[in-house]
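Colleague: I would like to go through this model with you and ask, for each label you use, what stands behind it.

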Amino acid sequence: MTRAATWRTLLLLGAVAALEALCLAGVIDRITMQPPHKILIDLWRLLASGSLNRAIAKTLGNAAAAFAVAMALGVASGLVIHRFRRLRDTLDPLFATYYAIPVFAFYPLLIVLFGLGDAPQIFIGAMLGVVAVIVNTLNGLDRVPRVLLKTARVNRLSPLQTALQVTLPCAAPFILTGAKLAVAYSLIGIIGAEFIMSNGGMGYEISFAYTNFDNATMYPLIVLILLVSITINIVIARWEKRILARRGLA
Amino acid sequence: MSRFITGPFRNALTLLVGLLVLWQALYWVVGDVALRSPLQTAAFMGRFMTSPQFLPHLAETGRAFGLALVLAVAIGLSIGFSLGLNRFMSDVFEPVLVAVYSIPKITLYPILLLAFGLGISAKVAFGAIHGIIPIALFTMAAVRSVRKVYLKTGRVLRLPPTEAILRIVLPAAMPEIFAGLRIGFSLTLIGTLLGEMFASQRGLGFLLMNAIGLHNVDLIMGLTVLLAGFAGVASAVLLSLNKRLQART
């Protein structure tokens, strides 16, 4: 471990210890926050009892669905948009300002359109992720060497074959960057939507526990979501680094 | 030069017309149950925005957003500068900031609500948290990449640290810092609205959630378009300022 990483670990542990001390000393009252050791015990109890399994499965399942939609739609749109210069110029201002727009503001509208089920949540998650995938796909396609495209033409590959066998594999590292963002965005979208209004899932359970002042359930769930999303992000970041290193890009 | 002005302008116009056409087509398909046409929405918003019940909510959201933005900029810049000027400190804290940047921050909102109570301060805190991290990350990277020669010149001229920051680091890192501020602006707005949508008694986000309960499709459409439009226009303006700033250096 490097010196910075050691310090980081120590500081984080120190922060948790300080929180523990403040909670036990009663500076932070029990209605506001639970001491960290109790959160961990509660988390273990909740996970062992299995009462959360359905909520966890629902949230992760919806996030996976949103991610799949964002990837499929994003890569396909990227391929199409890349071919039409004019279309790309027109859509550029949209891509540039897209992440400034509060996508969650569309959630009520989506509930009216699709009803209160999984569909509007998956829609929000996919909506958040798809533009990151499109932008990174375009970025990757821009960097495909011309000579490879010429080779494809010489070998008389059809446009679909060219896409599948030449351009997409060549742009893969950039698309992976988009995928990394799409994973984070689909989780954010699903959990955010569950928070605002829904009938199940981890976000829903947190907001339900919050309205019931049930801190013994709320804090473990918050910690669980944070652990899950941070773990997923770290795993993908490692994977991305390996692929980039193999291509000599990092 | 003329191409530079007409090109982006024409693109934005095409995009706007395209979106309106798409919206109208969608309305024809879905119908009155769940959607309103662009014209109906505009007419409704014209009426609603002049009605007395709109202004207090707008003022509440505006105040929460303004306060959150001031806090996010002040705290984000100070974190960014203090970490950016110290290589070791930035190595220690950067991964933590990146991790916090990528988590669904809405999960932290109940904690803020318990700490601040159900009022404007929880919303302000939540909006500020969204904005602080990108501003801090961008500022840190910007300050770290200021050329060492500049700083050495400052030291040779014996500038005190505050002068060195104000006269050397800030101007040199400005374009990148501004990019962070632009993203911070958008995320603070998103955070403030998200907070209002989850638990709040006033504000545009509250109005939006309330409209679902009342099945007031006019209001949902109108507010969604208003918020998305405001965010889009503000971001486009900041983006063009950012580009001009980058072109100058």
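**Helix packing and the chain interface**

Modeller: α1(A) and α4(B) are oblique to each other, and I should say at once that this is a predicted model.

Colleague: Why are α1(A) and α4(B) called oblique to each other?

Modeller: Helix α1 (residues 3-25) of chain A and helix α4 (residues 87-102) of chain B pack at an angle of about 60 degrees, with their axes 9 Å apart. Angles under 35 degrees count as roughly parallel and those from 65 to 115 as roughly perpendicular, so the pair falls into the oblique class. The crossing of α1(A) past α4(B) is right-handed.

Colleague: Which residues of α1(A) and α4(B) meet there?

Modeller: From α1(A) come Arg3(A), Ala4(A), Trp7(A), Arg8(A) and Leu11(A), and from α4(B) come Phe88(B), Asp91(B), Val92(B), Phe93(B), Pro95(B) and Val96(B). Sorted by type, the residues of this contact are eight nonpolar, no polar and three charged.

Colleague: How many salt bridges does the rule find across the interface of chain B and chain A?

Modeller: The rule, which asks for a side-chain nitrogen of Lys or Arg within 4 Å of a carboxyl oxygen of Asp or Glu, finds zero salt bridges across that interface. The contact takes 47 residues from chain B and 47 residues from chain A, and the two chains bury about 4300 Å² between them, with 82% of it on carbon and sulfur atoms.

Colleague: Turning to chain A by itself, what makes α2(A) roughly perpendicular to α10(A)?

Modeller: Helix α2 (residues 36-49) of chain A packs against helix α10 (residues 215-246) of chain A at an angle of about 85 degrees, with the axes 8 Å apart. The class of roughly perpendicular runs from 65 to 115 degrees, and α2(A) is therefore roughly perpendicular to α10(A). The residues of their contact divide into nine nonpolar, one polar and three charged.

Colleague: And why are α5(A) and α6(A) oblique rather than roughly antiparallel?

Modeller: Helix α5 (residues 107-114) and helix α6 (residues 118-142) of chain A pack at about 140 degrees, with their axes 8 Å apart. Roughly antiparallel needs an angle over 145 degrees, so α5(A) and α6(A) are oblique to each other. Their contact is made by residues including Tyr107(A) and Phe114(A) of α5(A) and Phe123(A) and Ile124(A) of α6(A), and its residues divide into eight nonpolar, one polar and no charged.

Terms used
Residues numbered from 1 in each chain as written. Chains lettered and ligands numbered in written order. Predicted model: local features only at pLDDT ≥ 70, side-chain atom pairs only at ≥ 80, totals over all residues. Heavy atoms only, no water. Axes fitted to C-alpha atoms, helices over the stretch in contact; angles between N-to-C directions. Helix = DSSP H or I, 4+ residues; strand = E, 2+ residues; numbered from the N terminus. Left-handed = near helix turned anticlockwise from the far one by under 90°. Contact = heavy atoms within 4.5 Å. Nonpolar A, V, L, I, M, F, W, Y, C, P; charged D, E, K, R; others polar. Buried area = accessible area lost by both parts, 1.4 Å probe.
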